[in-house]
Amino acid sequence: MNTPYMKYHNHALAMIHKAMQIKPRLYYQTQFPNEAMVHSKALWLNVCCCFHEDHNPSLSINLLHGYCRCFACGVHCRSIIGFHSKRYHLSFLNAAKILGGSENDCLSI
């Protein structure tokens, strides 16, 4: 059965799957370009939080799995898609669509 709902559902899952293939270290390098993390072997990175006025690094980012948490404002994200949707005020599906789109092929594996 190939209903319009199933076509939309399969397309949405494909976008999410493609967005989840992005390496967290590369994604966060584009979000925080002033941080030297590409050649670092560190698993965690602390940066100034982009969700509130921050002068001390309070946002901890896991560069292997992509999740992050701010210990000052309490924002937390479980994936790159979640971070992107919160930072740019998008729905989860729209963030996956943007990250999984062809304009970001340089970030994908």
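Which residues are buried in helix 2? They are Pro-24, Arg-25, Tyr-27, Tyr-28, Gln-29 and Gln-31. That is a good place to begin a walk through this structure, which is a predicted model.

**The chain as a whole**

The protein chain contains 4 helices and 4 strands. Reading from the N terminus, the elements follow the pattern α-α-β-β-β-β-α-α. Of the 109 residues in the protein chain, 37% are buried. If you look at contacts between residues at least 6 apart in sequence, 41% of them join residues at least 24 apart. The chain exposes about 7,000 Å², and carbon and sulfur atoms supply 58% of that area.

**Helix 2 and its surroundings**

Let us return to helix 2, which spans residues 24-31. Because 6 of its 8 residues are buried, this helix is largely enclosed by the rest of the structure. What do the buried residues of helix 2 pack against? Their partners are strand 2 (59-62), strand 3 (68-70), helix 3 (80-87) and helix 4 (92-100).

**The sheet**

The 4 strands form an open sheet in the order 1-2-3-4, with antiparallel pairing. Strand 1 and strand 4 (76-77) are the edge strands, each pairing on one side only. The table lists the pairings one by one.

| Strands | Sense | Bridges |
|---|---|---|
| Strand 1 and strand 2 | antiparallel | 4 bridges |
| Strand 2 and strand 3 | antiparallel | 3 bridges |
| Strand 3 and strand 4 | antiparallel | 2 bridges |

Some of the residue partners are easy to find on the model. Between strand 1 and strand 2, Trp-44 has Asn-62 as its bridge partner, while Asn-46 is partnered by Ser-60. Moving on across the sheet, Ile-61 has its bridge partner in strand 3, namely Cys-68. Cys-68 in turn stands opposite Cys-77 in strand 4.

Strand 2 and strand 3 make a hairpin with 5 residues between the strands. In this hairpin, Gly-66 takes a positive phi near 95°.

**Two faces of a strand**

In a regular strand, side chains alternate between the two faces of the sheet. Which residues make up the covered face of strand 1, and which the uncovered one? Leu-45 and Val-47 are on the covered face, whereas Trp-44 and Asn-46 are on the uncovered face. Strand 2 has its own arrangement: Leu-59 and Ile-61 point one way, Ser-60 and Asn-62 point the other way, and all are buried.

**A nonpolar patch on the surface**

Which residues form a nonpolar patch on the surface? The members are Leu-43, Trp-44, Leu-64 and Tyr-67, and together they have about 400 Å² of accessible area. Two of these residues can be placed more closely.

Trp-44 lies in strand 1, which covers residues 44-47. With a relative accessibility of 43%, Trp-44 counts as partly exposed.

Leu-43 is found in the loop between helix 2 and strand 1. Leu-43 also counts as partly exposed, because its relative accessibility is 40%. Leaving out residues up to four places away in sequence, Leu-43 touches Ile-61, Asn-62, Leu-63 and Leu-64. One of these touches shows how the fold brings parts of the chain together: Leu-43 and Asn-62 are 19 residues apart in sequence, yet their C-alpha atoms are 5.9 Å apart in space.

**A buried serine in a loop**

Our last stop is Ser-58, in the loop between strand 1 and strand 2. Is Ser-58 buried or exposed? Ser-58 is buried, because its relative accessible area is 12%, and the cut-off for buried is under 20%.

The side chain of Ser-58 is joined to that of Asp-54 by a polar contact of 2.6 Å. Setting aside neighbours within four places in sequence, Ser-58 is in contact with Val-47, Cys-48, Cys-49, His-52, Arg-69, Cys-70, Phe-71 and Ala-72. Among them, Val-47 has already appeared on the covered face of strand 1.

**Looking back**

To retrace the tour on the model, begin at helix 2, largely enclosed because 6 of its 8 residues are buried. Then follow the open sheet in the order 1-2-3-4, pause at the surface patch of Leu-43, Trp-44, Leu-64 and Tyr-67, and finish at Ser-58 in the loop between strand 1 and strand 2.

Note on methods
Residues are numbered from 1 along each chain as its sequence is written. This is a predicted model: local features need pLDDT of at least 70, side-chain atom pairs count only at pLDDT 80 or more; totals for chains, interfaces and linings use all residues. Side-chain values use heavy atoms; hydrogens and water are left out. Patches are made of residues with over 30% relative accessible area and no salt bridge: like charges are joined within 9 Å, nonpolar side chains (Val, Leu, Ile, Met, Phe, Trp, Tyr) within 5 Å. Accessible areas come from the Shrake-Rupley method with a 1.4 Å probe; for residues, only the protein chains shown count as cover. A salt bridge is a side-chain nitrogen of Lys or Arg within 4 Å of a carboxyl oxygen of Asp or Glu. Buried means under 20% relative accessible area, exposed over 50%, partly exposed in between (1.4 Å probe, protein chains only). Contact means heavy atoms within 4.5 Å. Two strands pair if DSSP finds at least two bridges between them. A polar contact is a pair of N or O atoms within 3.5 Å; within protein, one must be able to donate a hydrogen and the other to accept it, and residues adjacent in sequence count only if both atoms are side-chain atoms.
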